[in-house]
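Thank you for making time this morning. Before I start talking, please take a moment with the sequence and the model, and then we will walk through them together.

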Amino acid sequence: MGMNATQLIRMANQIGAFFASQPDAEQARTDFALHLKRQWDPQMRTALFAHLDATAGEGLNPFVLQALGGLREQIEPQVHA
């Protein structure tokens, strides 16, 4: 993957800032989640959630924290048994 938590946090916050500027907050969170699912490699999403779980999302802005927490099942890669 080659990305550390600091890079992922910075990228997630930048993307979150874009979507947070949209007028409909709920739609903005949904669009943010969809963007991560479509554009981020599963390893990047897994690493971001590992950071969230390990640190309660240290460094992530409130919009990103809300989106990740509320829409986790839509963003987090599914583990196939």
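Let me begin with a question: where is the place of Leu34? Leu34 sits in helix H2, and I should say straight away that what we are looking at is a predicted model, so please hear everything that follows as a description of that prediction. Leu34 counts as partly exposed, because its relative accessible area is 37%, between the 20% under which a residue is buried and the 50% over which it is exposed. Along the chain Leu34 and Gln74 are 40 residues apart, and in the model their C-alpha atoms are separated by 7.7 Å.

Staying with H2, I would like to turn to its partners. Helix H1 covers residues 5–20 and helix H2 covers residues 25–39, and their axes come within 9 Å of each other, crossing at roughly 140°. That angle is the reason why H1 is described as oblique to H2, and the crossing in which H1 passes H2 is right-handed. If you want to find this contact on the screen, look on the H1 side for Ala12, Ile15, Gly16 and Phe19, which meet Ala28, Asp31, Phe32, His35 and Leu36 on the H2 side. Sorted by class, the residues of this contact are six nonpolar, two polar and one charged.

One residue of that group deserves a longer look, namely Ile15, which is placed in H1. Is Ile15 buried or exposed? Ile15 is buried, since its relative accessible area of 16% is under the cut-off of 20%. Setting aside neighbours within four places in sequence, Ile15 is in contact with Phe32, His35, Leu36 and Trp40. Ile15 also lets us look further along the chain, for Val64 is 49 residues away in sequence, while the two C-alpha atoms are 8.7 Å apart in space.

A second residue that can be related to Ile15 is Asn61, which is found in the loop between H3 and H4. From C-alpha to C-alpha, Asn61 and Ile15 are 11 Å apart, with their positions 46 residues apart in sequence. Asn61 is partly exposed, with a relative accessible area of 22%, and, leaving out neighbours within four places in sequence, Asn61 contacts Asn13 and Ala17.

That loop leads us to helix H4, residues 62–70, and to another question: which residues of helix H4 are buried? The buried ones are Phe63, Val64, Ala67 and Leu68, and because they cover an arc of only 125° around the axis, they lie on the same side of H4. As a general reminder, an α-helix has 3.6 residues a turn, so residues three or four places apart point the same way. On the other side of H4, Pro62 and Gly69 are exposed. The cover over the buried residues of H4 includes H1, H2, helix H3 (42–55) and helix H5 (72–75).

Of these covering elements, let me return to H2, whose axis comes within 9 Å of the axis of H4 and crosses it at roughly 75°, which means that H2 is roughly perpendicular to H4. In this contact, Ala25, Ala28, Arg29, Phe32 and Leu36 of H2 meet Phe63, Val64, Gln66, Ala67 and Leu68 of H4, and by class the residues divide into eight nonpolar, one polar and one charged.

Next, please go back to the loop between H3 and H4, where Ala56 also lies. Ala56 has a positive phi of about 60°, although it is not a glycine. In general, most residues other than glycine have a negative phi. Ala56 is exposed, with a relative accessible area of 64%. Ala56 is also one of the residues touched by His51, along with Ala5, Ile9, Gly57, Glu58 and Leu60, if we do not count residues up to four places away in sequence. His51 itself lies in helix H3 and counts as buried, at 13% relative accessibility.

Finally, in the segment after H5 we find Gln78, which counts as exposed at 55% relative accessibility. Gln78 and Gln66 are twelve residues apart along the chain, and their C-alpha atoms are separated by 20 Å. I will stop there and take your questions.

Conventions
Residues numbered from 1 in each chain as written. Predicted model: local features only at pLDDT ≥ 70, side-chain atom pairs only at ≥ 80, totals over all residues. Heavy atoms only, no water. Axes fitted to C-alpha atoms, helices over the stretch in contact; angles between N-to-C directions. Helix = DSSP H or I, 4+ residues; strand = E, 2+ residues; numbered from the N terminus. Parallel < 35°, antiparallel > 145°, perpendicular 65-115°, else oblique. Left-handed = near helix turned anticlockwise from the far one by under 90°. Contact = heavy atoms within 4.5 Å. Nonpolar A, V, L, I, M, F, W, Y, C, P; charged D, E, K, R; others polar. Buried < 20%, exposed > 50% of the residue type's maximum accessible area, 1.4 Å probe, protein only. Arc of directions from axis to C-beta.
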